[in-house]
Amino acid sequence: MAVDKKGVISALEEIALLLELTGANPFKARAFQNGARALANYEGDLRAGLDGGELAKLKGIGKSLLGEIKSLLETGESPARVELRAQIPAGLLEMLKIPGLGPKRAHELHEKLGVESVGELEYACKENRLLKLPGYGEKTQAKLLKGIDYIRKFSGRHLLSDAWTRADDLVERLQQHPGVSRIELAGSIRRRKETIGDIDILVATDEPAAVSEMFVTFAEVEEIIGHGDTKSSVRLESGIQVDLRVVPEQSFPFALHYFTGSKEHNTVLRQRAKDRGLRLNEYGLFHVDDHGEAIGESVAAMDEAELFAALDLAYIEPELREDRGELLAAESGALPELLQPGDIRGALHNHSTWSDGAHSIEEMARAAQALGWEYIGLSDHSQTAFYAHGLKPDDILRQHEEIDRLNERLDGIVILKGIESDILPGGALDYDDDVLESFDFIVASVHGNFGLDRKKQTLRSVRAVQNPFTSVLGHPTGRLLLAREGFDLDMDEVIAAAGESGCAIELNANPHRLDLDWRDLPKAVKAGVKISIGADAHRTEGLKDLRYGIALARKGWLRATDVLNVLGLAELKPMLRRSGCP
Ligand code: DGT
Ligand code: CA
Ligand code: CA
Ligand code: ZN
């Protein structure tokens with residue numbers, strides 16, 4: 001498969017990194033880095049530039065590099081990369097994921113200590129073996145250990161979006177089997193956790209062997225971990241593990257409930273059954289005798305709702321099954337009526353080619369309209385975000401003219417003029433008041449200086465939500481799932497300040513963020529804060545990420561009335577310009 005420009009550049013960068021890992025002459029690695037940079041700055045089409053000889057003339061692109069580029073464009077692979085990848089132990093690459101460990105040091109540790117994997121490095125650190133190396137001290141070693149703990153926490157987990165898409169696809173194909181009478185996703189995907197350990201699929205069938213066989217022979221199965229009539233497990237090429245469980249029709253609701261979890265929810269529900277002289281497990285709900293043994297047939301249940309009803313509970317949506325008060329609410333009729341996808345009328349946080357987006361305002365607006373939105377909020381980056389082509393005041397004037405023209409021309413969608421303003425380290429927004437005043441809304445976000453101490457970082461966000469120009473506090477923790485922890489701040493304090501000032505808080509729907517964390521959403525609602533589910537789309541397809549935001553909103557117990565972007569334009573607009581604005 002051929003690769004595009006981005007693919008070529010990242011291949012060259014990877015080669016540079018691999019060269020460093022092998023301890024090759026630093027000039028060699030630098031040559032590939034320079035080549036990648038030259039291509040990134042090259043405006044034209046690579047293919048044409050290659051054929052026309054223009055690439056060859058670029059500073060930093062030598063003969064051997066040209067060969068690699070040509071091969072990448074033609075075959076999607078480069079001989080140098082293939083060779084290097086084969087030469088380097090996989091564990092060494094894994095080590096690069098440790099925060100603070102670069103290729104040079106990884107090579108050194110490999111060469112001097114024979115360390116070839118994260119586990120080996122951890123062991124070496126615990127044995128204080130690094131202290132013997134020149135340039136490594138107690139502090140470095142402790143820092144590496146902390147970094148290892150950090151990646152351990154995430155290892156083997158996947159983003160909800162990645163796992164969910166693959167899981168839906170598997171379910172759809174298994175469903176084609178004529179022997180399958182019922183099929184559902186279970187586990188953490190069904191509960192819409194932000195990250196997923198493995199995919200769980202439950203099937204009711206009277207042909208278990210045939211269905212299992214179909215499952216383990218899917219093309220993307222890389223390894224069969226287990227294969228039986230009731231349970232099969234595979235690992236997909238993507239590294240995700242999938243568990244398939246096959247049950248008879250009558251136990252399907254019980255098995256679905258059990259394998260949906262969470263474990264904590266199951267535990268409290270099982271206890272509730274026990275208190276009523278019943279036993280709940282994945283096969284059914286049974287009466288017990290004096291010795292505590294299950295007797296007779298299971299209480300019948302067609303679906304999970306009947307299972308809950310048998311325990312005098314209202315139906316608990318899968319998203320809520322985390323033992324965070326759902327049983328109590330289900331008992332007392334206090335479960336929330338959760339937000340539905342159809343409640344959403346638009347979204348505020350989106351980027352265009354004016355900053356770091358891939359599509360024009362018009363393309364974004366039309367895509368939003370195609371999704372049934374009534375409005376799309378445009379919020380490109382502000383001037384401090386130079387790395388993302390943040391907008392200068394005169395850019396803003398021109399952008400607003402473009403939006404005015406588009407709003408006149410386009411029917412059925414309204415574009416709102418916004419900005420994603422950096423929150424400066426002291427908590428101020430990124431423009432003077434006269435510029436801030438020209439927007440319909442402002443999303444204020446932290447994009448740099450993540451290392452401020454807790455007190456300063458908290459004060460920074462508190463000041464931002466107190467600023468009457470701020471409509472929404474964007475991705476409030478700054479976390480990147482599986483990659484970077486949020487910055488250190490007291491979220492309770494930020495939420496309280498937002499509640500007091502009337503500033504909304506974002507639930508950023510980008511599957512890498514899903515920020516504010518769902519666990520904090522009920523707190524925000526309790527403090528009277530409205531939640532803005534933002535797509536943070538950097539291309540038209542990104543608008544569809546809103547589904548992840550909606551999923552996590554539900555997980556955070558949100559009702560439609562808790563969400564800002566369920567409002568129509570007329571109600572929304574005054575909410576965006578808070579009192580106190582000049
Ligand atoms: P994951 O895969 O780590 O994202 O999380 P889950 O919740 O999908 O966990 P998984 O795949 O290990 O198991 C699926 C469900 O099966 C889990 O949510 C609850 C149920 N389950 C598994 N093991 C146990 C157990 O030992 N006790 C109880 N009560 N339930 C269990
Ligand atoms: Ca799972
Ligand atoms: Ca599982
Ligand atoms: Zn942002």
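**Metal sites and an acidic patch**

The calcium ion (ligand 3) gets its protein donors from Asp198 (OD, listed twice), Asp200 (OD) and Asp243 (OD), at 2.3 to 2.6 Å. Donors here are N, O and S atoms within 2.8 Å of the metal (3.2 Å for Na, K and Ca), and water is not among the atoms, so sites may look incomplete. Keep in mind that this is a predicted model, where local features need pLDDT of at least 70, side-chain atom pairs count only at pLDDT 80 or more, and totals for chains, interfaces and linings use all residues. Residues are numbered from 1 along each chain as its sequence is written, ligands are numbered from 1 in the order in which they are written, and side-chain values use heavy atoms, leaving out hydrogens and water.

**Calcium**
- The donor spacing in sequence reads D-x1-D-x42-D.
- Asp200 sits in strand S4 (residues 199-205) and Asp243 in strand S7 (residues 241-247), so the pair ties together parts 43 residues apart in sequence; strands are DSSP runs (E, at least two residues) and helices are too (H or I, at least four), numbered from the N terminus.
- Asp198 also bridges to a second metal, the calcium ion (ligand 2), 3.6 Å from the calcium ion (ligand 3).
- Asp200 counts as buried at 11% relative accessibility, and Asp243 does at 5%; buried means under 20% relative accessible area, exposed over 50%, partly exposed in between (1.4 Å probe, protein chains only).

**Zinc**
- Glu420 (OE), His447 (NE2) and His475 (NE2) are the protein donors of the zinc ion (ligand 4), lying 2.0 to 2.3 Å from it.
- His447 and His475 are both buried.

**Loop residue**
- Glu437, in the loop between helix H20 (433-436) and S14, is partly exposed at 37% relative accessible area.
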